Amino acid sequence: MGRLHSLLAVIALSCMTLSSAWADNKAAAIDEMEGYLEFVDYGGGVIFAQQIPKEEWAKMMVIDARDPEQFAKGHIPGAVNMDWRQALAKRNSIPKDKSVLIYCNTGTLSAQAGFALRVAGWDNVRILQGGMEEWKAKGGFDASTQSTERAKY
């Protein structure tokens, strides 16, 4: 019976230690997010397709944050597929020394992944406002030229 009590005591102590460590980590994460939100610019890393010159697309890492099935049905040419839930787990494959654009269908899920990456130190990450749907609607790679063309009468 002594061994069982010892084992239970070790398990209980481990649980308390893990619980305390989790609480400390949670508090640290909240502090990091709070600090980020205090100093982030108004757009928070959001960019419209019309703001990206056509020649800049080839210089960026473009991440499609949708699931593989959606990616297979169609994506921005040159994009790599990385499910939004995996952005932090795969952060080491995301460069810090060049522009990174992340998108999903409408911008909602990619905004979550982009926020997480920006809090983690990737200040070069931009979230495509409106996602793939808006990118297509605004003219794709030509969105910036279409938004600056003069009206034709």
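This is a short talk on the fold, the sheet and the cores of one predicted protein model.

Two notes on conventions. Residues are numbered from 1 along each chain as its sequence is written, and side-chain values use heavy atoms, with hydrogens and water left out. Because the model is predicted, local features need pLDDT of at least 70 and side-chain atom pairs count only at pLDDT 80 or more, while totals for chains, interfaces and linings use all residues.

I start with the chain as a whole. The protein chain has five helices and five strands; these are DSSP runs, H or I of at least four residues for helices and E of at least two for strands, numbered from the N terminus. From the N terminus, the order of elements is α-β-β-α-β-β-α-β-α-α. Of its 153 residues, 29% count as buried, where buried means under 20% relative accessible area, exposed means over 50%, and partly exposed lies in between, with a 1.4 Å probe and protein chains only. The exposed surface comes to about 10,100 Å², of which carbon and sulfur atoms supply 57%; areas come from the Shrake-Rupley method with a 1.4 Å probe, and for residues only the protein chains shown count as cover. Taking contacts between residues at least 6 apart in sequence, 68% join residues at least 24 apart, a contact being heavy atoms within 4.5 Å.

Next, the sheet. In what order do the five strands of the open sheet stand? The order is β1-β5-β4-β2-β3, with parallel pairing; two strands pair if DSSP finds at least two bridges between them. β1, residues 46–47, and β3 are at the edges with a single partner strand each, so one side of each has no neighbour in the sheet.

I will walk across from the β1 edge. β1 and β5 pair in parallel over two bridges, and the bridge partner of Ile47 in β5 is Leu128. β5, residues 125–128, is joined to β4 by three bridges, also parallel. Here Ile102 is partnered by Ile127 in β5, and Val100 by Val125. The chain gets from β4 to β5 through α3, in a right-handed β-α-β crossover; right-handed means that, with the strands pointing away from the viewer, the path from the first strand over the helix to the second runs clockwise.

β4, residues 100–103, is joined to β2 by four bridges, in parallel, and Ile63 stands opposite Ile102 in β4. On the far side, β2 and β3, residues 80–81, run parallel with two bridges, and the partner of Asp64 in β3 is Asn81. The link from β2 to β3 passes through helix α2, residues 68–73, and this crossover is right-handed as well.

Now a closer look at β2. In a regular strand the side chains alternate between the two faces of the sheet. In β2, residues 61–64, Met61 and Ile63 on one side and Val62 and Asp64 on the other are all buried, so both faces are covered. Val62 has a relative accessible area of 4% and therefore counts as buried. Val62 and Leu101 are 39 residues apart in sequence, but their C-alpha atoms are 4.8 Å apart. Leaving out residues up to four places away in sequence, Val62 touches Trp57, Ile76, Gly78, Ala79, Val80, Leu101 and Tyr103.

That leads to the cores. A nonpolar core is a set of buried Ala, Val, Leu, Ile, Met, Phe, Trp, Tyr and Cys residues joined through side-chain atoms within 4.5 Å. The largest has 15 residues, and those with the most contacts inside it include Val62, Leu101, Tyr103 and Leu128. β4 and α4, residues 131–137, are the elements that give two or more residues to this core. A second, separate core of 13 residues includes Ala87, Ala113, Leu117 and Trp122. As for Leu128, its contacts beyond four places in sequence include Ile47, Ile52, Leu101, Tyr103 and Trp135.

Two residues from the helices to finish. Ser110 is in helix α3, residues 108–119. Is Ser110 buried or exposed? Ser110 is buried, because its relative accessibility is 0%. A polar atom of the Ser110 side chain lies 3.4 Å from the backbone oxygen of Gly107. Beyond four places in sequence, Ser110 touches Ala65, Ile102, Tyr103, Cys104 and Ile127.

Pro68, in helix α2, has 47% relative accessibility and so counts as partly exposed. The C-alpha atoms of Pro68 and Asp83 are separated by 7.4 Å, with the two positions 15 residues apart along the chain as the sequence separation.

Terms used
Polar contact = N/O pair within 3.5 Å; in protein donor to acceptor, adjacent residues only side chain to side chain.
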